[in-house]
Amino acid sequence: MEEPGFRVLPTESGDQKTEAIRAIRTVTGLSLWNSKLLLESAPVAVTDPD
């Protein structure tokens with residue numbers, strides 16, 4: 001069975017910046033530094049549907 005694709009598009013971190021960075025790391029497997037940079041460049045697509 002094929003898993004459905006999805007897109008993660010954060011628009012801002014708000015008050016939960018640490019949790020947002022952790023979520024990005026979990027989804028992408030990026031390092032802490034790269035996850036933080038990705039969040040700071042929001043809005044940006046973190047994942048794209050397959």
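Begin with the salt bridges: in this predicted model, a search of the whole structure finds two of them. To see the pair that spans the chain, select lysine 17 and glutamate 40 and display their side chains, which meet in a salt bridge with a nitrogen-to-oxygen distance of 3.6 Å. This pair links distant parts of the chain, since lysine 17 belongs to helix H1 (residues 17-28) while glutamate 40 belongs to helix H2 (residues 32-40), and the two are 23 residues apart.

Keep glutamate 40 selected and add lysine 36, whose side chain meets that of glutamate 40 in a salt bridge at 3.7 Å, again from N to O. Where do these two partners, glutamate 40 and lysine 36, sit relative to each other in helix H2? They are four residues apart, and so they are separated by about one helical turn. With Lys17, Lys36 and Glu40 shown together, you have a network of residues linked by salt bridges. As a general point, side chains of opposite charge can pair when their charged atoms come close.

Now add a surface and look at how much of each member of the network is covered. Lysine 17 is partly exposed, with a relative accessible area of 32%, and lysine 36 also counts as partly exposed, at 33% relative accessibility. Glutamate 40, the residue that takes part in the bridge with lysine 17 and in the bridge with lysine 36, counts as partly exposed at 46%.

Next, hide the surface and select Ile21, Ile24, Leu38, Leu39 and Val46, the five residues that form the largest nonpolar core. The elements that give two or more residues to this core are H1 and H2. In soluble globular proteins, nonpolar side chains tend to be buried together.

Within that core, centre the view on leucine 38 and ask which residues it is in contact with, leaving aside its neighbours within four places in sequence. The contacts of leucine 38 on these terms are Ile24, Leu30, Val44 and Val46, and of these, Ile24 and Val46 are listed in the core as well.

Finally, return to a cartoon of the whole protein, which has two helices and zero strands. Of its 50 residues, 16% are buried, and the protein exposes about 4000 Å², with carbon and sulfur atoms supplying 52% of that area. If you then display contacts between residues at least 6 apart in sequence, 51% of them join residues at least 24 apart.

Terms used: Residues numbered from 1 in each chain as written. Predicted model: local features only at pLDDT ≥ 70, side-chain atom pairs only at ≥ 80, totals over all residues. Heavy atoms only, no water. Salt bridge = Lys/Arg side-chain N within 4 Å of Asp/Glu carboxyl O. Buried < 20%, exposed > 50% of the residue type's maximum accessible area, 1.4 Å probe, protein only. Core = buried A, V, L, I, M, F, W, Y, C linked by side-chain atoms within 4.5 Å. Contact = heavy atoms within 4.5 Å. Areas by Shrake-Rupley, 256 points an atom, 1.4 Å probe, with all protein chains shown as cover.
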